[in-house]
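Notebook open, going through this one piece by piece. I want the helices, then the sheet, then a few loop residues.

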Amino acid sequence: MNKILVIEDEIMTAKNVKAAFELNGMETEIAEDGESGLKLIREKEYDLILLDLKMPKMGGEEVLKEIRKIRPYVFVVIYTNFSDFTDLKVLANIGIDGYVNKGPDADLQELVNIVKEKLEPFSIENARTIIDNAKMEEV
């Protein structure tokens, strides 16, 4: 089962996203700010982190920099109302794996599909198939 961390200060948004992921078989946790998100990331492994940019105390860019120090290879998808392309270029250079707008027209199923697409190639089942195929080729 894939493990997702949602770092989002708008608790109703976070709960809706969590419910959508869990309906699709993804174990999901919520952190209400960057500091608590980083604490969880230090303690646990996640397959993907959904990160809001505009949060009190510690903004998403700062959180992303810290995530990359702690877990350089985890998938990080930005989920925000703000779409300043200058910010996106900076974030891309730090290392994001996707961007989804959570504005009024946001579609939770689209978000779920994007996350599934990111995680599917690295599912346990696919990894076992790749390993089994590699073993068959050795024979």
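How far does helix α5 reach from its first C-alpha to its last? I get 17 Å for the twelve residues of α5 (108-119), close to the 16 Å expected at 1.5 Å a residue. Note to self: this is a predicted model.

**Helix α5, continued**

I listed the buried residues of α5 next: Leu-111, Val-112, Val-115 and Leu-119. They cover an arc of only 100° around the axis, so they sit on the same side of α5. Then I looked at what covers them, and the cover includes β1, α1 (11-23), β3, β4 and β5.

**Whole chain**

I stepped back for the overview. I count six helices and five strands in the protein chain. Reading along the sequence, I wrote down the pattern β-α-β-α-β-α-β-α-β-α-α. Of the 139 residues in the chain, 38% are buried. I also checked the contacts with a separation of 6 or more: residues 24 or more positions apart account for 64% of them.

**The sheet**

In what order do the five strands lie in the sheet? I read the order as β2-β1-β3-β4-β5, in an open sheet with parallel pairing. β2 and β5 are the edge strands, each pairing on one side only. From one strand to the next, the twist averages 20°.

Reminder for the margin: strands of a sheet pair through backbone hydrogen bonds, either parallel or antiparallel.

I went through two of the pairings by hand. β1 and β3 run parallel over four bridges, and Ile-7 has Leu-51 as its bridge partner in β3. Two helices go with this part of the sheet. α2 packs on the sheet and touches β1, β2 and β3, with its direction at about 160° to that of β1. α3 packs on the sheet as well, touching β1, β3 and β4, and its direction makes about 165° with that of β3.

The other pairing I followed is β4 (75-80) with β5, parallel over four bridges. Here Thr-80 has Asn-101 as its bridge partner in β5.

Which side chains of β5 are buried, and which are not? Along residues 98-101 they alternate: Gly-98 and Val-100 point to one face and are buried, while Tyr-99 and Asn-101 point to the other and are not.

**Helix α2**

Back to α2 (34-43), for its buried residues. I found Gly-34, Gly-37, Leu-38, Leu-40 and Ile-41. Seen down the axis of α2, they fall within an arc of 160°, so they line one face of the helix. Their cover includes β1 (3-7), β2 (27-31), β3 (48-51) and α3 (60-70).

I also looked at how α2 begins. Asp-33 caps the N-terminal end, with a side-chain oxygen 3.1 Å from the backbone nitrogen of Glu-35.

**Asp-52 and Lys-102**

Is Asp-52 buried or exposed? Asp-52 has a relative accessible area of 2%, so I put it down as buried. I place Asp-52 in the loop between β3 and α3. What does its side chain meet there? I see a polar contact of 3.3 Å with the side chain of Lys-102.

Lys-102 belongs to another loop, the one between β5 and α5. Its relative accessibility is 10%, and because the cut-off for buried is under 20%, Lys-102 counts as buried.

I then compared the neighbour lists, leaving out residues up to four places away in sequence. Asp-52 touches Ile-7, Glu-8, Asp-9, Gly-60, Tyr-79, Thr-80 and Lys-102. Lys-102 is in contact with Glu-8, Glu-10, Thr-13, Asp-52, Tyr-79, Thr-80 and Asn-81. I underlined Thr-80 in both lists, since it is the residue whose bridge partner in β5 is Asn-101.

**Lys-57**

Last stop was the backbone of Lys-57, in the loop between β3 and α3. Most residues other than glycine have a negative phi. The phi of Lys-57 is near 70°, a positive value in a residue other than glycine. I checked its accessibility too: Lys-57 is exposed, with a relative accessible area of 68%.

Notes. Residues numbered from 1 in each chain as written. Predicted model: local features only at pLDDT ≥ 70, side-chain atom pairs only at ≥ 80, totals over all residues. Heavy atoms only, no water. Buried < 20%, exposed > 50% of the residue type's maximum accessible area, 1.4 Å probe, protein only. Pairing = 2+ DSSP bridges. Arc of directions from axis to C-beta. Contact = heavy atoms within 4.5 Å. Polar contact = N/O pair within 3.5 Å; in protein donor to acceptor, adjacent residues only side chain to side chain. Expected span 1.5 Å × (residues − 1). Axes fitted to C-alpha atoms, helices over the stretch in contact; angles between N-to-C directions.
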